[in-house]
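Work through the exercises below with the sequence and the coordinates open. Each task is followed by a solution in steps.

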Amino acid sequence: MPVTFTINGKAAEFDGPEDVPLLWVVREHLGLTGSKFGCGIGLCGACTMHIDGVAERTCVMPVILAQGKQITTIEGLSPGTDHPVQKAWIELDVPQCGYCQSGMIMAVADLLRRHPDPSDADIDRELTNLCRCATYVRIRAAIHRAAQMVRAAGAPRTP
Amino acid sequence: MVDGIYNQSYRLPHFLVETIDTPLPIPVYFMRSVGSTAAVFFWESFISELAHRANVDQYAYRRNLLADDPLALRVLTAAADAASWGKSNEVPRGIAFNCYIGRGGRFKTYVAQVVELKRVADRFAVKRVFCAVDSGLAVNPNTLRAQIEGGIGFAMTNTLKSRITFSEGGADQSNYFDYPLLTIDEMPEIVPIILPSARPPQGAGEVVLAPLAPAIAQALLKATGRRIDVMPFSAAAFQATQN
């Protein structure tokens with residue numbers, strides 16, 4: 001039986017082995033290549049997507065675990081690239097090579113859902129995604145900026 | 001192999017650089033900052049040792065050696081001033097300098113860094129890095145700042161991690177669990193200082209890496225009394241107390 005789920009608001013299905021990582025299905029089968037393959041063992045976070053609103057590392061997640069779930073990828077985080085995290089990322093010119101950044105943005109969107117006003121200690125503890133360009137200075141600044149935008153806009157938005 | 005050494009900014013009356021090719025069983029290729037990471041770690045650590053033996057302040061010792069090179073002196077002074085060098089002895093600091101000369105003398109970028117350590121429980125951590133850069137006219141200072149920030153993060157990984165060992169015909173490390181990269185909690189605060197310049201734009205992508213390791217080693221010598229002469233530094237190098 002095919003695995004069925006919703007991705008970025010649209011119904012999708014995958015008719016193949018149940019243990020194929022979700023990342024492969026999303027990139028190769030559904031053609032959404034914003035999420036990246038980095039380490040393949042769930043350590044770097046380049047493959048981060050939201051599963052029912054929670055950030056997960058999908059390179060190690062068998063597609064069967066997505067059955068019936070709502071999946072959001074970087075492509076579906078906001079209708080016009082205007083999620084506060086995306087806006088802060090653009091405003092502060094965070095990316096360098098960019099490879100980790102879609103996963104980073106997805107992880108940070110979830111971090112802000114759990115910690116709407118994160119301290120530097122919260123960021124240090126919670127954000128374990130890796131960036132080889134070491135754009136960490138701007139990532140930290142952009143997280144604080146995004147939190148500020150959310151507060152200024154009133155109610156926190158859920159992706 | 002001797003990048004950053006053979007073409008000196010320091011005023012040295014007697015100076016000879018020799019290098020030999022060492023056959024390696026491991027294929028090697030360029031990495032960011034090319035030869036300067038290893039060469040300048042050796043070279044600036046050597047200068048630190050001379051200053052230490054002469055019992056002269058590290059900044060003053062380098063100022064004297066750079067007295068004939070106004071551009072070099074300017075970046076060194078800018079980094080030291082930004083860090084209030086000499087104003088407080090409570091924070092262990094290290095200072096290092098490098099003039100990065102592009103292959104074939106195509107460009108000349110001057111870099112000076114001051115590293116500050118912070119004691120956290122029984123360990124020292126790199127807390128803040130002041131980095132002055134003269135890379136000629138900065139066409140896009142925002143991008144140059146990004147290169148300073150990211151380059152120092154890359155150099156942090158080179159200095160503290162990036163250990164590759166070999167056995168049975170291959171590298172022992174295979175992924176991030178045994179070859180960790182720098183994480184956000186380990187990233188120091190960076191204070192970039194971009195010096196105004198009328199020189200044409202020079203290189204900026206790799207230039208800030210080399211001075212970091214010798215500056216950290218110098219600060220650790222001050223903090224722990226131990227000299228470090230091997231990269232990457234061991235975790236024990238950052239222990240506050242002698243074991």
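**Exercise 1. Overall dimensions**

Task: Compare the radius of gyration of chain B with that of a compact globule of 243 residues.

Solution. The model is predicted. A compact globule with 243 residues would have a radius of gyration near 18 Å. Chain B has 18 Å, so the two agree. Along the principal axes, the C-alpha atoms of chain B fill a box of roughly 50 × 40 × 40 Å.

Now take chain A. For 159 residues the globule rule gives 15 Å, and the radius of gyration of chain A is 15 Å, so chain A is as compact as a globular protein of that length. Its C-alpha trace spans about 45 × 35 × 25 Å along the principal axes.

**Exercise 2. Order of elements**

Task: Count the helices and strands of chain A, then those of chain B, and read off each pattern.

Solution. Chain A has 5 helices and 5 strands. From the N terminus on, the elements run β-β-α-β-β-β-α-α-α-α. Chain B has 5 helices and 6 strands. Along the sequence its pattern is α-α-α-β-β-β-α-β-β-β-α.

**Exercise 3. The sheet of chain A**

Task: Establish the strand order of the open sheet in chain A, and find which strands stand at its edges.

Solution. Start with the order: S2-S1-S5-S3-S4, an open sheet of 5 strands with mixed pairing. Next, the edges. Strand S2 (10-14) and strand S4 (54-57) of chain A each have a single partner strand, so one side of each is left without a neighbour in the sheet. Then the twist: neighbouring strands are turned by 40° against each other on average, direction ignored.

Look inside the sheet. Strand S3 (residues 48-51) and strand S5 (residues 70-72) of chain A run antiparallel and are joined by 2 bridges. A:Ile51 stands opposite A:Ile71 in S5(A). Finally, add the helix. Helix H3 (residues 101-114) of chain A lies across S3 and S4 of chain A, at about 40° to S3(A).

**Exercise 4. The sheet of chain B**

Task: Do the same for the open sheet of 4 strands in chain B.

Solution. The order is S1-S2-S3-S6, with mixed pairing. Strand S1 (93-101) and strand S6 (189-194) of chain B stand at the edges with a single partner strand each, so each has one side without a neighbour in the sheet. The twist averages 20° from one strand to the next.

Strand S3 (residues 123-134) of chain B pairs with S6(B) in the parallel sense, over 6 bridges. Here B:Val129 stands opposite B:Ile190 in S6(B). H4(B) packs on this sheet and touches S3 and S6 of chain B. The direction of H4(B) makes about 135° with that of S6(B).

**Exercise 5. A helix pair**

Task: Describe how H1 and H2 of chain B pack.

Solution. Helix H1 (residues 36-54) and helix H2 (residues 58-65) of chain B pack at about 110°, with axes 9 Å apart. Therefore H1(B) is roughly perpendicular to H2(B). The crossing is right-handed. B:Ile47, B:Ser48, B:Ala51 and B:Ala54 in H1(B) meet B:Gln58, B:Tyr61 and B:Arg62 in H2(B). By class, this contact has 4 nonpolar, 2 polar and 1 charged residues.

**Exercise 6. The interface**

Task: Which helix gives the most to the side of chain B that touches chain A?

Solution. In total, 16 residues of chain B are in contact with 20 residues of chain A. Helix H4 (residues 141-160) of chain B gives the most to the chain B side, with 6 residues. That side has 9 nonpolar, 5 polar and 2 charged residues.

How values were computed: Residues are numbered from 1 along each chain as its sequence is written. Chains are lettered from A and ligands numbered from 1 in the order in which they are written. This is a predicted model: local features need pLDDT of at least 70, side-chain atom pairs count only at pLDDT 80 or more; totals for chains, interfaces and linings use all residues. Two residues are in contact if their C-beta atoms, placed from the backbone, lie within 7 Å. Ala, Val, Leu, Ile, Met, Phe, Trp, Tyr, Cys and Pro count as nonpolar, Asp, Glu, Lys and Arg as charged, and the others, Gly among them, as polar. Two strands pair if DSSP finds at least two bridges between them. Axes are lines fitted to C-alpha atoms, for helices over the stretch in contact, and angles run from 0 to 180 degrees between N-to-C directions. Angles under 35 degrees count as roughly parallel, over 145 as roughly antiparallel, 65 to 115 as roughly perpendicular and the rest as oblique. A crossing is left-handed if the near helix is turned anticlockwise from the far one by less than a right angle, and right-handed if clockwise. The radius of gyration is taken over C-alpha atoms; the globule rule is 2.2 Å times the number of residues to the power 0.38.
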